[in-house]
Amino acid sequence: MPKPLSKRDKVRDKVYEGMQWRKFRKEKLMVDPLCEECKRNNRVVEASVVDHIERIKDGGEVYSMNNVQSLCKPCHARKSSNERADRREGGANC
Ligand SMILES: [Zn+2]
């Protein structure tokens with residue numbers, strides 16, 4: 001069963017479902033078609049995700065080219081799991 005979404009998650013989901021976001025996302029991928037994280041590691045990987053550098057939840061601008069980066073799926077997944085880990089306090093288990 002899916003977890004109930006918080007109010008803020010609902011707002012975010014609305015953004016990602018909207019036409020404006022789809023257009024903006026497409027534009028970003030046209031400007032930066034390669035994963036920016038991989039580029040920093042000298043790899044050339046096609047991006048398929050447009051990620052907010054500062055999360056919408058944290059007050060980041062939704063439709064600002066300065067607040068988004070193109071990522072491939074693995075980089076995006078890694079970033080998301082890092083963000084979750086950051087919020088866990090003192091939970092190091094390595
Ligand atoms: Zn990547």
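How many helices and strands does the secondary structure of the chain come to? Color by secondary structure and you get four helices and two strands; helices (H or I, at least four residues) and strands (E, at least two) are DSSP runs, numbered from the N terminus. Walking from the N terminus, the elements go α-α-α-β-β-α.

Before you click around, some ground rules. Residues are numbered from 1 along each chain as its sequence is written. You're looking at a predicted model, where local features need pLDDT of at least 70, side-chain atom pairs count only at pLDDT 80 or more, and totals for chains, interfaces and linings use all residues.

**Stop 1: color by confidence**

Switch to pLDDT, the predictor's confidence in each residue, from 0 to 100. The chain has a mean of 86, with 86% of its residues at 70 or more. Among the elements, strand 2 (residues 68-71) has the highest mean pLDDT, 98, and helix 1 (residues 7-17) the lowest, 78. Now select residues 89-94: the pLDDT there is below 50, and beyond near neighbours in sequence this stretch makes zero contacts in the model. A contact here is two residues whose C-beta atoms, placed from the backbone, lie within 7 Å. Where pLDDT is low, don't read the predicted coordinates in detail.

**Stop 2: the strands**

Select residues 49-52 together with 68-71. These are strand 1 and strand 2, and they pair in the antiparallel sense over four bridges; to count as a pair, DSSP has to find at least two bridges between the strands. Pick out Asp51, and its bridge partner in strand 2 is Gln69.

Which way do the residues of strand 2 point? Show the side chains: Val68 and Ser70 point one way, Gln69 and Leu71 the other, and all are buried. Buried means that 20 or more other C-beta atoms lie within 10 Å of a residue's own; exposed means 12 or fewer, partly exposed is in between, and the C-beta atoms are placed from the backbone. Across the 94 residues of the chain, 9% count as buried.

**Stop 3: helix 4**

Next, select residues 73-87, which is helix 4, and find Lys79 in it. Lys79 has 16 other C-beta atoms within 10 Å, so it is partly exposed. Leaving out residues up to four places away in sequence, Lys79 touches Asp51 and Leu71. Try a distance to Ile53 too: C-alpha to C-alpha, Lys79 and Ile53 are 9.9 Å apart, though 26 residues apart in sequence.

**Stop 4: helix 2**

Move to residues 19-31. Helix 2 has 13 residues and reaches 19 Å from its first C-alpha to its last, close to the 18 Å expected at 1.5 Å a residue (that is 1.5 Å times one less than the number of residues). Helix 2 is hardly covered, with a count of zero buried residues among its 13. Click Arg25, which lies in this helix. Arg25 is partly exposed because 16 other C-beta atoms are within 10 Å. The C-alpha atoms of Arg25 and Ser70 are 9.0 Å apart, across 45 residues along the chain.

**Stop 5: helix 1 and a loop**

In helix 1, go to Val11. Val11 is partly exposed, with 13 other C-beta atoms within 10 Å, and its C-alpha is 9.2 Å from that of Lys57, 46 residues apart along the chain.

Finish at Asn42, in the loop between helix 3 (36-40) and strand 1. Is Asn42 buried or exposed? Asn42 counts as exposed, because it has 6 C-beta neighbours inside 10 Å. Check its backbone as well: phi is near 60 degrees, a positive value in a residue other than glycine.
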